[in-house]
Amino acid sequence: MGNQADVRGGGFVEREVLRAFKFALDPTPAQAAALARHAGAARWAFNYALAVKVSAHQRWRAEVDGLVAHGVEEAEARRRVKVPVPSKPQIQKRLNEVKGDSRVDGRLPEGVLGPERPCPWWHEVSTYAFQSAFADVDRAWKNWLDSLRGVRAGRKVGYPRFKKKGRAWNSFRLHHDVKKPSIRLTTYRRLRLPTIGEVRLHDSGKRLGRLVERGLAVVQSVTVSRAGHRWYASVLCKVTMTVPEQPSRRQRERGTISVDLGVKTLAALSQPLNPVDPGSVLIANPRHLARAEQRLAKAQRALSRTEKGSRRRDRARQKVARLHHEITVRREGVLHAVTKRLATAFAVVAVEDLHVAGMTASARGTLEAPGRRVRQKAGLNRAVLDAAPGEFRRQLTYKTSWYGSKLAVCDRWFPPPPQQDLLDLRTAKPTPHARRQDVPLP
């Protein structure tokens, strides 16, 4: 979701939002190599821009330390020293001045060009792969500074780190001119990407294609990423959506439902999800990770017996990644089905504000105060993360805004008494030990 412009009338609201459409790609071997080349170029550009920023920061730190060594106060030294940290425009301009060109450099005598120039292969990939990586570095640097100053909400953001090949997420982002779109669906089964060409989709793009044809969607960018053995394209569009202003009659008749997430049972509901099935008050936990545990253990053992840097190790690593990816896809599918049924069937969905990071913290302790029952706690952490309560709430947040329902987030320290009517949850007054907040529609 992004910035929204509401046009009200007739019980519905027209919203202009940013919405992503994710497709699995079915590239040819040549196209898969091109996608990997773009991902590598984006990783290189990120590391290049981050190195420039880190170098400027280290110069600033060295000058400050020099003044402090001469008796200047730390605060005064920080105020005196001014070393600007280059941003995206300066970094991109500098790279354009020094980068080589393999199309020309390869035909010149050796030694003519002087010092070695970086990325002579830049013409093989789209320029947006570089530009988006530079923008990502600026955002990461700003997030770190804002977190350091205490002006950023959420958990503390650490110092930006370099991306290592084989460990970093393989992805890149491409933009285009919306007036002359180069990112578009040529058919319902083919997506055109700049420089790469038309890539076949594993599924259908009819839903996005029809919105574009009707003038209800404008493609802004595309993020291509690799997960397991598949490449995915997430097409970000500015979409005009029509959503209900209030719950439907069927939703109002079902009223409010509270959802208690857990491990033994994925979700315990205050009323049956299906009115004719009393057993649907409990939603079973599929335990995707536990079901694949034996296959994962076998694949991990095979991986541990391979030699680092060998082709056999690479194949074993890909097998482990594929298993983890299959687990992720199945988990997301179950959560999508459950959250959509909740958002479409009830007027208000109440969930608890769980602190997942605290729930899954390690119990190992320290050398001075070692933890107890560490292995048992590690198993519980895996089970909690496999249930994915954070993803459950994230999906509910945007789905309730699409289907006219509302999400109520109950404070984690406020367990409502059993006799309290859940229909009064929205108007319940907070007490010193019980408070509630509603998540507004995005």
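## Exercises on a predicted chain

At a relative accessibility of 57%, Arg373 counts as exposed. (Exposed means over 50% relative accessible area, buried under 20%, and partly exposed in between, with a 1.4 Å probe and protein chains only.) The structure is a predicted model in which local features need pLDDT of at least 70 and side-chain atom pairs count only at pLDDT 80 or more, whereas totals for chains, interfaces and linings use all residues. Residues are numbered from 1 along each chain as its sequence is written, and side-chain values use heavy atoms, with hydrogens and water left out.

**Exercise 1. Describe the chain as a whole by its secondary structure, burial, contacts and surface.**

Step 1. Begin with the elements: the chain has 13 helices and 14 strands. These are DSSP runs numbered from the N terminus, a helix being H or I over at least four residues and a strand E over at least two.

Step 2. Turn to burial: 34% of the 442 residues are buried.

Step 3. Consider contacts, meaning heavy atoms within 4.5 Å. Of those between residues at least 6 apart in sequence, 63% link residues at least 24 apart.

Step 4. Add the surface: the accessible area is about 27000 Å², and carbon and sulfur atoms account for 52% of it. Such areas come from the Shrake-Rupley method with a 1.4 Å probe; for residues, only the protein chains shown count as cover.

**Exercise 2. Locate Arg373 and Arg287, and state the sign of phi for each.**

Step 1. Arg373 belongs to the loop between α11 (356-359) and α12. Its phi is positive, about 50°, although Arg373 is not a glycine.

Step 2. Arg287 sits in the loop between β11 (282-284) and α8 (288-291). Phi of Arg287 is likewise positive, near 50°, in a residue other than glycine.

Step 3. For accessibility, Arg287 is partly exposed at 33%.

**Exercise 3. Trace the pairing of strand β7 with β3 and β8.**

Step 1. Strands β3 (residues 171-175) and β7 (residues 217-227) run antiparallel and are joined by five bridges. Two strands pair if DSSP finds at least two bridges between them. Within this pairing, His175 stands opposite Ser221.

Step 2. Strand β8 (residues 230-244) also pairs with β7 in the antiparallel sense, over 10 bridges. Here Arg226 has Trp231 of β8 as its bridge partner.

Step 3. A hairpin is formed by β7 and β8, with two residues between them; in the turn, Gly228 has a positive phi of about 65°.

Step 4. Val222 is a residue of β7. At a relative accessible area of 0%, Val222 is buried. Beyond four places in sequence, Val222 touches several residues, among them Phe172, Leu174, Ile183, Leu193 and Val235. The C-alpha atoms of Val222 and Ala20 are 8.8 Å apart, although 202 residues separate the two along the chain.

**Exercise 4. Determine the surroundings of Ser147.**

Step 1. Helix α5 (residues 127-149) contains Ser147. With 13% relative accessible area, Ser147 is buried.

Step 2. Its contacts outside four places in sequence are Arg152, Arg155, Lys156 and Val157.

Step 3. With Val157 there is a closer description: the side chain of Ser147 reaches the backbone nitrogen of Val157 at 2.9 Å.

**Exercise 5. Find which elements line the largest pocket and the largest cavity.**

Step 1. Fix the terms. On a 1 Å grid over the protein atoms alone, a cavity is a set of points where a 1.4 Å probe fits but cannot get out; a pocket is an open set with protein on both sides within 12 Å along at least five of seven lines; lining residues have an atom within 4 Å of a point. Points are joined across faces, edges and corners, and a volume is the space filled by probe spheres set on them.

Step 2. The largest pocket holds about 2100 Å³. Its lining has 49 residues, with Lys22, Trp169, Ser225, Ala227 and Tyr232 nearest the centre. Elements giving two or more of the lining residues include β7, β8 and α10 (311-345). Helix α10 supplies the largest share, 13 residues.

Step 3. Three cavities of 30 Å³ or more are found in the whole structure. The largest has a volume of about 50 Å³, and its lining includes Arg287, His288, Arg331 and Asp386. Two or more lining residues come from each of α10 and α12 (374-387).

Step 4. Arg331 lies in α10 and is buried at 16%. Outside four places in sequence, Arg331 touches His288, Leu385, Asp386 and Ala388.

Notes:
A polar contact is a pair of N or O atoms within 3.5 Å; within protein, one must be able to donate a hydrogen and the other to accept it, and residues adjacent in sequence count only if both atoms are side-chain atoms.
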